[in-house]
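Visitor: I am new to this structure, and I would like to understand how each label is earned. Could you show it to me and then take my questions in turn?

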Amino acid sequence: MDPPEGYAFQKEYRLVRKYSYAHYNAELYLQRNGPEEWQWQRVVKVFPKKIDKPLAAVGIPYYHIEGMLGHELDDESKVLDKYVEVAQAAHLARRGYMAIVCDLSHQNYVRYDNPPSRDYWRRFQDMAYRLAEDWPMWNSHSHRVFVTRLMLDLLEDDPRVDKSRIGMTGHSLGGQTCYHAGCLDSRVKAIMASDFAFNFDQSCWDVLHYLAGRLRAIRADGLENY
């Protein structure tokens, strides 16, 4: 799951903007996630309006940060009907937790002349193929796990966080990502992962946005990923 040799960069992040919504606040960061000058990921922290003690924090890997808010970042009135019921960051902040979410790799690894919609699923395939060309010994799922663990670094520097109470949650692709990221990271004390693949037969192992088709040749060997 670790990056291949050569995928090295100086870890850094910067606060971009603070938001005050009706029931919680948020902070948007940019965090470097790769060696190229354009490789930065958006990360959002979401937390209660009032903080009087260090908070338990929950990391959530998801396709994009707006999905876990249930509304557009810059305009709370623009509700995203597709996501509002599953907007875990917003739900957790209402209940006294800090939540942290980053855009997953398919949102920022590939440079487009005309960037497609954040919900354009071809981004997964584009990312898998580009990563396979750039780093043949790595794969897109491992990259998602890597950037998710990188996101947790922002919690370590935040005095508002109780670092003994960091957990992760996710569903489907997010469930698989948080399960692997959480198991590999000693900072994570609890994992709540739902409806994700545990072995190849349950998963989308042959789908291009996972491993760019490279497992087809070795599937007959009976290799399993648990």
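**How the labels are earned**

Guide: Arg 187 is buried, with a relative accessible area of 17%. Before we go on, note that this is a predicted model, in which local features need pLDDT of at least 70 and side-chain atom pairs count only at pLDDT 80 or more, while totals for chains, interfaces and linings use all residues. Residues are numbered from 1 along each chain as its sequence is written, and side-chain values use heavy atoms, with hydrogens and water left out.

Visitor: Why is Arg 187 called buried?

Guide: Buried means under 20% relative accessible area, exposed means over 50%, and partly exposed lies in between (1.4 Å probe, protein chains only). Arg 187 has 17%, so the word buried applies.

Visitor: What makes the contact between Arg 187 and Glu 156 a salt bridge?

Guide: The term asks for a side-chain nitrogen of Lys or Arg within 4 Å of a carboxyl oxygen of Asp or Glu. The closest N and O atoms of Arg 187 and Glu 156 are 3.2 Å apart, and the pair therefore qualifies. Arg 187 lies in the loop between helix H5 (173-184) and strand E9 (190-194), and Glu 156 lies in helix H4, so the salt bridge ties together parts that are 31 residues apart in sequence. Helices (H or I, at least four residues) and strands (E, at least two) are DSSP runs, numbered from the N terminus. Glu 156, at 40%, is partly exposed. Salt bridges that share partners join Lys 11, Arg 149, Asp 153, Glu 156, Asp 185 and Arg 187 into one network.

Visitor: How many salt bridges are there by this rule, and what makes Arg 32 and Glu 12 one of them?

Guide: The count comes to 17 salt bridges. The side chains of Arg 32 and Glu 12 meet at 3.2 Å, N to O, and this pair therefore satisfies the rule. Arg 32 is in strand E2 (residues 25-32) and Glu 12 in the segment before E1, so parts 20 residues apart in sequence are tied together. Arg 32 counts as buried at 13% relative accessibility, whereas Glu 12 is partly exposed at 37%.

Visitor: How do you know that Tyr 7 and Phe 146 form an edge-to-face pair?

Guide: Rings of Phe, Tyr and Trp (its six-membered ring) pair if their centres lie within 6.5 Å, and planes under 30 degrees apart count as stacked, over 60 as edge-to-face and the rest as tilted. The count by this rule comes to 14 aromatic pairs. For Tyr 7 and Phe 146 the centres are 5.9 Å apart and the planes 85 degrees, so the pair is edge-to-face. This pair links distant parts of the chain, with Tyr 7 in the segment before strand E1 (13-20) and Phe 146 in helix H4 (residues 140-156), 139 residues apart. Tyr 7, at 5% relative accessibility, counts as buried, and Phe 146 is buried with 15%. Ring pairs link Tyr 7, Phe 9, Trp 135, Trp 138 and Phe 146 into a cluster.

Visitor: What makes you say that the charged end of Arg 14 sits over the ring of Trp 40?

Guide: A charge sits over a ring if NZ of Lys or CZ of Arg is within 6 Å of the ring centre and within 35 degrees of the ring normal. The charged end of Arg 14 sits over the ring of Trp 40, 4.7 Å from its centre. Arg 160 likewise lies over the face of Phe 47, at 4.6 Å from the ring centre.
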